[in-house]
Amino acid sequence: MRALCPALRRILCRGARGCGTAAEQERGGTPSAEPSFGLLFDIDGVLVRGKTPIPAARKAFQKLVNPQGHFLVPVVFVTNAGNCLRQSKADQLSHILGVPVSQDQVMMSHSPLRMFKRYHDKCVLVSGQGPLLDIAKYLGFSKPVTIDLLRETFPMLDMVDHNRRPKILPSPAVELPKIDAVILFGEPIRWETNLQLIIDVLLTSGRPGDPHQQFIYPHIPLLACNMDLMWMAEAQSPRFGHGTFMVCLENIYKKITGKDLKYEALMGKPSELTYHYAEYLVRSLATKRQWKKPVQTLYAIGDNLMTDIYGANLYNRYLEEKNSRKGTQARIQAAAGTRASTVSQDVESSNGWESELSSSTATSCRSVLVCTGIYNPHTEVPCDTSECITETVFHGHRDFRFDPGLVEPDHIVQDVDAAVELIFQLENFAPKLNRTS
Ligand SMILES: [Mg+2]
């Protein structure tokens, strides 16, 4: 068993915490027809495996919509994928689940970039693959620059592939505007090119035609989406994810300058920023439906302990901390879990999001683990405890501390249909199916 920590052993041996919150236990009596909770669904391993729908998903979603196809509960899909537009993902989900899903219900790893308005009119370098310029523009960026454009403008920079070196000495480069920030959307195709050019941009304060100036620190702002080190595809073993690319960039920067690469923001599960934004989407959906009850409990349903469960528990820890400090403004980045603490202040103070984020009504975020994806409940626990691999192989991002308490799910269920059943039961929720609004 790989990457198994003592906390996970306990889960495998005795199941999840499963005791329910005080609020859950207090509920009872007359069933509620209007939701005071919202659902956050992971996609891969919960609703689909590769391109194949998980049978329980359709069954679960029949319970979540009324005969008119309207959702009975605010539902948001939270994926770390980032190589397509929200509408494309919504269309895929509608097809897979057999219910109408709107793009307002979809959250990609890059979705919180909408909040970083102070970069929207700046020149930003974007790294990744897929329709990057379309995605950047959709998110509000008016001046995105691709690695390809940078490479064309400065053809002497990309020298690793001998066949791609310029054959003749190019004429002086046409000047690009100074690059003000770098955004890592996802894993690129030519890693050596992206690594070289991003390092050039960071070491020249956004003027890659200039010589490196290693004493400039901190470097220009760097924002990153999707920290997943690896992911499961059809192969027997996991494949490199964007997190692996980030490890390369972090280590090259550190080796060259002796200093740590600094992220202005890290987005995608398990970052708190992701859950703040997901809660905002849940709240918006509830408002749209004119539901009167505030959304008090979020349920995050996922198959990955290190992203879905860690992220939900980290957000729950933040909510608990916020609630225990009523009257004082809680910081978005709670003390535990991350060093990227400047994110909250930046988002709150400079983007007018303070009111949105402070209007959070949730008091808890419960984690629900399903057994249809990465998590395997039948994996055997090794007898020799010295084999137990712990923090030293933590696959989370550098800026997220390993914390055994954060990878314990509140509930473990077989599949997404069982998750929905359980949540309806915990919430004593009995929707009136003849409602049309
Ligand atoms: Mg998953």
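This talk covers two open sheets and the helices that pack around them.

Good morning, colleagues. Please keep in mind throughout that we are looking at a predicted model.

I begin with the sheet of six strands. It is open, its pairing is parallel, and the strands follow the order E5-E4-E1-E13-E14-E15. At its edges stand E5, residues 106-107, and E15, residues 411-413; each has a single partner strand, so one side of each is left without a neighbour in the sheet.

Within this sheet, let me take one pair in detail. E13, residues 297-302, and E14, residues 364-370, are joined in the parallel sense over six bridges. In this region Gly302 is found opposite Leu369 of E14.

Which helices, then, accompany these strands? One of them is H13, which packs on the sheet and touches E1, E13, E14 and E15. The direction of H13 makes about 135 degrees with that of E15. Another is H9, spanning residues 272-288, which lies across E1, E4, E5, E13 and E14. Relative to E4, residues 75-78, helix H9 runs at about 150 degrees.

H13 also has a helical partner. The axes of H3, residues 55-64, and H13, residues 416-426, come within 7 Å and cross at roughly 30 degrees. With angles under 35 degrees counted as roughly parallel, H3 and H13 are therefore roughly parallel to each other. On the side of H3, the contact is made by Ala56, Ala57, Lys59, Ala60, Lys63 and Leu64; H13 contributes Val416, Asp417 and Val420. What is the character of the residues in the contact of H3 with H13? Six are nonpolar, three are charged, and none is polar.

I turn now to the other sheet. Here five strands form an open arrangement in the order E7-E6-E8-E9-E12, again with parallel pairing. The edge positions belong to E7, residues 143-146, and E12, residues 265-267, each of which pairs on one side only. On average, and with direction ignored, neighbouring strands of this sheet are turned by 20 degrees against each other.

Again I select one pair. E8, residues 181-184, and E9, residues 222-225, pair in the parallel sense over three bridges. Val182 stands opposite Leu222 in E9.

Finally, a helix belongs in this picture as well. H5, residues 132-139, lies across E6, residues 123-127, and the edge strand E7. The angle at which H5 runs to E7 is about 160 degrees.

Thank you for your attention.

Methods. Residues numbered from 1 in each chain as written. Predicted model: local features only at pLDDT ≥ 70, side-chain atom pairs only at ≥ 80, totals over all residues. Axes fitted to C-alpha atoms, helices over the stretch in contact; angles between N-to-C directions. Helix = DSSP H or I, 4+ residues; strand = E, 2+ residues; numbered from the N terminus. Parallel < 35°, antiparallel > 145°, perpendicular 65-115°, else oblique. Contact = placed C-beta atoms within 7 Å. Nonpolar A, V, L, I, M, F, W, Y, C, P; charged D, E, K, R; others polar. Pairing = 2+ DSSP bridges.
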